[in-house]
Amino acid sequence: MNDMKRWISACLTALFILSLAGCGHEDPKNLIPEEKEKKPTVNLFSPMEKSDPNAENVARTALDLTVAMAEEAVGVTVAYRTYTAEDHKDKTYDDVALDRARSNMDDLYLLNPDTIQTLGAEGKLMDLSGLDNVKNLREVIRIANTVDGKLVAIPQEVVAYGLFVNVDLFKQYGLALPETPEELLECCRVFKENGIETPIGANRWWLETFVFAQAYADLYNGGNTQAEIASLNSGERKYSDYMRSGFEFLQTLISQGYIDAEKALVSEAIEGERPDFLAGKTPIVMAYWAAANTETAYGKTDFEMKVIGFPSSRGQMPVLSMTGLAVGANAENRENAARILDHMISDEALQLFSETNRVISPSKNVSLECPPSLTPLYDRIEDGVYVLATNAGMKVEQWGSTCLIVRELLNGASVEECMAAFDRLQDAALAHSGGAKAVFPE
Amino acid sequence: MKETSNKQERRRSLSLLLSIILIFSFFGAIIFSVSQKITRKMSASAIQNLSESLDLIESTIDAILRSQAEFQELIAQEIAQAEDPEDYIRSYDRNQTMAKMSLILSGKTEGVSNTGERFTEEGLDFSAGGTVIGLPVSQSYLNYMGTWSYTIKCPVERDGGVLGTLYIEYVYDAIDQSLPEGFYNQQALLYIMDAESQRFVLKPKGMGQRNAGHLNLTDFYRANNIQEPAIRSEVEDCLSTGRNALFYHDIRDIQALNYMWAVNNGTIFLVGYVPVEAIQQEGRTVTQNIAIVVASLLAAFFLCIALYYLNWRQQEKLRQEREAERKLHSQQLAQALQAAQIASESKTTFLSNMSHDIRTPMNAVLGFTTLLDKDADDPVKVRKYTQKIMASGQHLLSLINDVLDVSKIESGKVVLNLEKFALSDVVSSVDAIIQPMAKAKRQEFHLEVTGIRHEYLIGDETRINQILINLLSNAVKYTPEGGNIWFRMIGLKQRSNQYEHIRIEVEDDGYGMTPEYLETIFDAFTRAENSTTNKVQGTGLGMAITKSIVELMGGTIKVFSEVDRGSLFRVDLELRILERTADRQFWAQRDISRILLAGGAGESQENILALMQDTGVHLDAAENAEKALEQIQDARSFQLVLLDWESCGLQAVIRLREVLPNTTPIILLAEFDAEDLEEALKVSGTESLTKPFFVSALREKIEELRYTGDETPAPDTEESGDLKGMRFLAAEDNEINAEILTELLELEGAACEIAQNGQLAVERFQRSAPGEFDAILMDVQMPVMNGHEAARAIRALDREDAGSIPIIAMTANAFAEDEKAALDAGMDAHVPKPLNMDLLKKAIRQHSRRKEKG
């Protein structure tokens, strides 16, 4: 009973004190609250795809995470500016990016390789070689993003392309995984003889990876890369000389029926070849690294799958490409943008990016827990064996141009015609001493 | 009566419950109605609030557009006055508002821009008919800077004619700079949509919500799941007519107000949504506060109820406690009354029993005394009568002893006399008493001792004997002739290594007891009454005494019985083990290290092994005599052979004797009344030991063997006439007792002088010559001066023999404490009354001899 009395009196005392505290409030004279310090803003121009709000876009989430990390570190707000083309009549993202960068509309840009090459050559992008975290980057990143001696862009991931093979089918027909173009042709022959109609599943975007693997195997792995690129840029050498063997190889694949050119020409990436590959009807397809981690692509198969490099004279050859983050040379907030970017490419940020998307990091200090299926490809990259499908240091844009010329091959053009197209591109580039678009004669 | 009150209670509880529900329902209805009203008000307020905000933004944009148009008219006027209008255009720099300025002179399709390139109207769409202060405004488009923009065209008029058309491109980013930052605390989303193309030309910046449809209206609908046809058609209608639209629609599960707000007569629209919470922040606070107030009131209400309930419960508890206490008191009183009644009845019964039990022997005493008087001359009859009188007297004495024992136990005066003792002594003394009794009734008495590990213990041997004799004599009494009695002493598993846990079982196949009697068997003053046992004499106090003693020793007693099947008494006791370190030495000193154990069942051998395990002597067990012979022939040297008589027999003894050296004794373990044992004992070096086996008994036997041939100490001889010639001073106030004493002593050839009290005895002794009396026999309870005082007075006398003359207490105060009191008073011995001449003689002899030695 005494306990209860004590308890009640304690409650009443607490109530009394609270009442007193409530009465003690004093109003300030100026009713407008003090304004918070406004953070400086950096504008980031990046593509924004049409996406289902309920399905998170994995890649962007990883970007966002690193942006948030950088904002926290630098004390700057990053505002996104985006553009998405509504239809084919609209300007492309690359077109708008070029316009905006040339008009100094934004500070930080997420750019495709050809845009990097163009803007870099125009001097519209800031030299990033002075950033603290540049020292951590792999050499390949410098090679691919250096224009006129300036490091103009830095990627957050290295996109590696490879051949996705159904190992069970290879074993079934007693075939070893191919190292050279000849071995691949032999494998296709055996598959075809055993009733596999189309041994290689293809789409209208990625057949160029075969070409790059054969064209640049020696250029990037022969120990004379810079000099060879320089002679290409000066016109001493011709791109067509490099490209020819790859195109001829593609021509053989098409003529032997190992690739269905008609189908490939109308097929979108993954969507076109995925069903047959998963069903075991097609033993070989090509795709980028992350497709092996994504269930909606090739992340879940009923058979043993491995990802290997493309056949080349130097064995299995990974093909790398990369988009890059760049800072406008004359941007209003270029200093803050550079600081933001420096944090976005820190080992910590790249580790986060790499873990989130399970992709190869541009930092040599960030290692990746590689799934078994990707080991063959990853081991080659770690050994420094690869070719670049994008290189801002080359006067002729590679990735987009080669894709378009390969489409013409699919469409029935001869290898010679394709080589001529490369020559025209090279001439145009030399004439303008800047980037040029692939323009195929109608 | 109780049922009616329960019903009333239930009805009261039900109506209370209903009242509470009613109050809460009423309260709930009020809260609900108030909250509904607040919600409606808040909704209206939110709509108004948002409308005002959007109106403000609309006015701002309208003002910007109007300013741009007015500015363009001014520029047009300036161009009209310029000498070279195209040159004027080229000289104009781009600024934040104006991205591009172009002029097409009348009659031409191509003109100039301030950016330097040629300009045509191609790519500009004025078909929608939008105007700002009458000037046509184009549809929105992505300009050369990669940003959304629009162009207003304005005629350049000079002298009433049209000189050309001025086109100025404005970017939406300029409008963006005039829009409020952090619209509704940055929770609102605001797009600017071109009405004609329905594309979003100005989008929110910053992080978050980037998955929202930002491309065009369709994308906005898709991303925010606005699929209701009614809403969409209403919105379409508003868009086509340039009206504003505002509607509720959840955005990602959050209630939001969506809007399509027409600007510049519907050429562009403000599109977006605001979470209702963001508009009604203060409303939420109000709601929360109301909720807090309501919750506080409810809490206070429940607190009051809880306090009331606690108080009520406490009162109720107190009331119940008082009630319980009262009930307990009544119960206790009733029990006490009942106990008193039972006690009274018991005592009445007891008195009746006693009356009967006392009268019976008394009748014999008096009857035979009468007969004695008559037949005094016939010595044969006199002896016969005196024997019967003696027997009746003995019975009367035991009756009185029991009564006194019970009264002492009940009054808590009994103290255990804890001393060391050997279980073997207990067993053998009990055996010695019970065997003859059983034999007399031709009953079989079975004695078993198993599992005992320690036989030297500490306890009250006398009381343990009392327990056993009580139980066993009862068994003998209540078992008809030819029956069986089992006495088992079992060593149970020790609970502590300092205590031997012993179970004593006394079982018989006698009359047994009824369940009703079993319930009262341990109560005092009860006795099984039936036609069979009426023959049995007893006080009915034995079991009560037994139970009390067992409990005093910390033990338990249980009884199991069935009529005509017999009874089983089970006593569990824990007795402290006496540490006997000297035990090992005993065997070592006598060079006994190996004993052969021949014959006997497994269990019996195990018992012996268990008992002998602390002695340090190695025991070899042989199942039978043959095996024993084999072991001896295997040249094993044994210092002693223990042979089970019952299982081995005479032949085995003879054969073993032949092979064993003469120095090795054979000890036969035999039952109490083993047959033909004498024959075996004739074999040299053979001795017997009565079962059950005990180490102490064996040790005694070994000691005996050692003395064989030596001079054995002469036993005390019973000398009947050794009081002859002695002279005693006796203090005795009772004349009859004095006379009996005198007569008895005279019979022994001694003389006795009587003093009527202590005082007289002291005086007489004082007067006596030294050596006149051999001893003083002292009664205790006497008038004038009691025995204790007298003894002290004598011891205090200034005489040479005052300290040495034996003073022997002779009193009816027969308990241990009486003996102690006598000894404390300086007396030498204590002999209880009724007088037992043997005891008296023993005491006199002992103390006279001591005195002589002294």
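# Reading strands, helices and confidence in a two-chain model

Student: Which strand of chain B has six of its six residues buried?

Tutor: Strand S9 of chain B, residues 189-194, has six of six residues buried, so it is largely enclosed by the rest of the structure. Bear in mind that this is a predicted model.

Student: How do I read the two faces of a strand?

Tutor: In a regular strand the side chains alternate between the two faces of the sheet. Now take S9(B). B:Leu189, B:Tyr191 and B:Met193 lie on one side, and B:Leu190, B:Ile192 and B:Asp194 on the other. Both faces are covered, and each of these residues is buried.

Student: Which strands pair with S9(B)?

Tutor: S13(B), residues 268-275, pairs with S9(B) in the antiparallel sense over six bridges. There, B:Asp194 has B:Ile268 as its bridge partner. S10(B), residues 200-202, is also antiparallel to S9(B), with two bridges. In that pair B:Ile192 stands opposite B:Leu202.

Student: What links S9(B) to S10(B)?

Tutor: A hairpin, with five residues between the strands. In the turn, B:Gln198 has a positive phi of about 60 degrees.

Student: Where else in chain B is a strand buried along its length?

Tutor: Look at S24(B), residues 666-670. Five of its five residues are buried, so this strand too is largely enclosed by the rest of the structure. B:Ile666, B:Leu668 and B:Ala670 point one way. B:Ile667 and B:Leu669 point the other way.

Student: Do the partners of S24(B) run parallel or antiparallel to it?

Tutor: Parallel. S23(B), residues 640-644, joins S24(B) through four bridges. S25(B), residues 686-690, joins S24(B) through five bridges. B:Ile667 is a good residue to inspect. B:Leu642 of S23(B) stands opposite B:Ile667, and so does B:Glu687 of S25(B).

Student: What lies between these parallel strands in the chain?

Tutor: Helices. S23(B), helix H16 of chain B (residues 645-659) and S24(B) make a right-handed β-α-β unit. S24(B), helix H17 of chain B (residues 677-682) and S25(B) make a right-handed β-α-β unit as well.

Student: How do I find the edges of a sheet?

Tutor: Write down the strand order and look at its ends. One open sheet in chain B has six strands in the order S3-S2-S1-S8-S7-S6, with antiparallel pairing. S3 (118-120) and S6 (141-142) stand at the edges, each with a single partner strand, so one side of each has no neighbour in the sheet. Inside that order, S7(B), residues 148-158, and S8(B), residues 161-171, are joined by 10 antiparallel bridges. B:Lys153 stands opposite B:Tyr167 in that pair.

Student: Now helices. How do I read their buried side?

Tutor: An α-helix has 3.6 residues a turn, so residues three or four places apart point the same way. Try H16 of chain A, residues 399-410. Its buried residues are A:Trp399, A:Ser401, A:Thr402, A:Ile405, A:Val406, A:Leu409 and A:Leu410.

Student: What covers the buried residues of H16(A)?

Tutor: The cover includes helices H4 (113-122), H8 (208-221), H10, H11 (261-266) and H17 (415-432), and strand S10 (319-321), of chain A.

Student: How do I check the length of a helix?

Tutor: Compare its span with 1.5 Å a residue. H16(A) has 12 residues and reaches 17 Å from first C-alpha to last, close to the 16 Å expected. H10(A), residues 239-255, has 17 residues and should span 24 Å; its end C-alpha atoms are 24 Å apart, which agrees.

Student: Where does H10(A) bend?

Tutor: At A:Ser245, by about 30 degrees. The buried residues of H10(A) include A:Tyr242, A:Met243, A:Gly246 and A:Phe247.

Student: What follows each of these two helices?

Tutor: A glycine with positive phi in each case. A:Gly257 follows H10(A), with phi near 80 degrees. A:Gly412 comes just after H16(A), with phi of about 115 degrees.

Student: How far should I trust the coordinates of chain A?

Tutor: Where pLDDT is low, the predicted coordinates should not be read in detail. Chain A has a mean pLDDT of 85, and 87% of its residues reach 70 or more. Residues 49-59 of chain A stay under 50. Residues 434-442 of chain A are also below 50.

Student: How many helices and strands does each chain have?

Tutor: Chain A has 17 helices and 12 strands. Chain B has 23 helices and 30 strands. Of the 442 residues of chain A, 46% count as buried. For the 854 residues of chain B, the figure is 32%.

Note on methods
Residues are numbered from 1 along each chain as its sequence is written. Chains are lettered from A and ligands numbered from 1 in the order in which they are written. The expected span of a helix is 1.5 Å times one less than its number of residues. The bend at a residue is the angle between axes fitted to the seven residues ending there and the seven starting there. A residue is buried if 20 or more other C-beta atoms lie within 10 Å of its own, exposed if 12 or fewer, and partly exposed in between; C-beta atoms are placed from the backbone. Two strands pair if DSSP finds at least two bridges between them. A crossover is right-handed if, with the strands pointing away from the viewer, the path from the first strand over the helix to the second runs clockwise. pLDDT is the predictor's confidence in each residue, from 0 to 100. Two residues are in contact if their C-beta atoms, placed from the backbone, lie within 7 Å.
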